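Good morning, colleagues. May I ask you to look at the structure on the screen before I begin.

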Amino acid sequence: MDISELYQIYQAHPVITTDSRDCPEGSIFLALKGASFDGNKFADMALEKGCAYVIVDEKEYAKEGDERYILVEDCLTTFKELAREHRRHFDIPVVGITGTNGKTTCAYLLERLFSSLGHKVGVMGTVSYRWPGHTQAAPLTTPDPISLHKNIAEMAKAGCDVCVMECSSHAIDEKRVQHVPFAGACFTNLTQDHLDYHKDMESYFRAKSHLFTDVPRADKAVATNADDVYGVRIAGLAKGCVTYGFGGCPAGVSPEQHLHGELLEQGTSGIRLRMTFRGKSWEFHSPLIGRFNADNLLTAQSMALALGVEPEKLGALAGFRGVPGRLERVLNRKGLHVFVDYAHTPDALVNVLQALRGAGFRRIVTVFGCGGNRDRLKRPLMGEAVARLSDTAVLTSDNPRFEDPEAIISDVLPGLKGAKELVVDPDRRSATAKACAMLGPDDCLLIAGKGHEDYQIVNGVKHHYSDQEVIRDILGADGE
């Protein structure tokens, strides 16, 4: 059976499942092989539970004469080809964003900019998948190939004429985005994260770089960060790209292709930037706080310039007020300065804490933890960043997953040796209450690690937990 015939079956049965425990009536079961299980062995069970068809790649599990069994050479390859076929029927330009930090904010900024230019925009990223008439919480930053292409098709049906998508290193490495003909791609930065998966920084970089070298369109617009050593390497891979930064133009890149930024001022009310590109200069004030948000604003503008947007249109970004869980100010009845941020890497913590330092608060109290079953090497580095840039460090639990929270805390503590003041409490709510009690009117509380997430994962089970809700419960919601 060729892919076009299989696609016709998919159109009649558009729900694909790879879990034999979850087989909606009339769906298609795809027998993927995992590290521990071979889906072929569960094909019969899937049919018993209501699947209309099963796709297998082992002949012994395909019952001859029963048209419900579809035998293919390789289920994973078929999965990706089916995704590509689905995507082919609904084509809109896709802009991909990759890097360790800043992807979500940049996605929101580009959504704001394209919307201001009259486009209907669909977005897939860490916070949500959304387009006109549809919003859902994101189970993954970048979805599986079938979901990805189905979402793009739904965006097209809803009238979208551009899609902005965060591309995680896992998704690129696993080739989830392999068949997406990106119109544009931008690189934010690369700092230590996900080494439990990639093992070392070079492997991490290579995974990211595939977005610029291995996807279908060689003529896509590219923007990359010239202030980041890995971003400069991307510039070497993507000739003719637009670079951006607050420093000079990197060697080998034409000054005509470099967006130069200047951070004119920053404070509690935001930042003022001046940009220069191809002899044109413009500036605006943004309510976003901190140097890292200045980087995000440059990233979005450089991507837009690479796509042909004129500089005079970029002022639309000035009114953007922020992203849920990204240095999000939580208003409260006591009027205290409280921010929630997703920072869960050493570099992200440094960026957000430096932003708050630059805003001029008297003292900074930081509540943070480290996720379980993730890169252990970054744990003391996160502690060191908090110790160096905070007046009080409050070490607690994040998403322990299947690890002992006390063991995670033990991994972090060596990095906190230089802390001016240290509080350790594995109960996140209790730790947050202690931190709130320390605040004065000119102080600032940063609660880092979870951002927009409204859950905590303990022993593999999700429990409802929102840093924002806890703050409002402790300090009172604004207006009460």
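I shall speak about a few strands and then about aromatic rings.

This is a predicted model, in which local features need pLDDT of at least 70, side-chain atom pairs count only at pLDDT 80 or more, and totals for chains, interfaces and linings use all residues. Residues are numbered from 1 along each chain as its sequence is written, and side-chain values use heavy atoms, with hydrogens and water left out.

Let us start with strand E3, residues 53-56 (strands, E, of at least two residues, and helices, H or I, of at least four, are DSSP runs numbered from the N terminus). Tyr53 and Ile55 point one way from E3, Val54 and Val56 the other way, and all are buried, where buried means under 20% relative accessible area, exposed over 50% and partly exposed in between, with a 1.4 Å probe and protein chains only. In a regular strand, side chains alternate between the two faces of the sheet.

Strands pair if DSSP finds at least two bridges between them. E3 runs parallel to strand E2, residues 28-30, with three bridges joining them; Phe29 has Val54 as its bridge partner in E3. Three bridges also pair E3 with strand E4, residues 69-71, in the parallel sense, and there Val56 is partnered by Leu71.

Which residue has its ring under the charged end of Arg130? That is Tyr108, with the charged end 4.1 Å from the ring centre. For Lys450, the charged end sits over the ring of Tyr455, 5.2 Å from its centre. The rule requires NZ of Lys or CZ of Arg within 6 Å of the ring centre and within 35 degrees of the ring normal.
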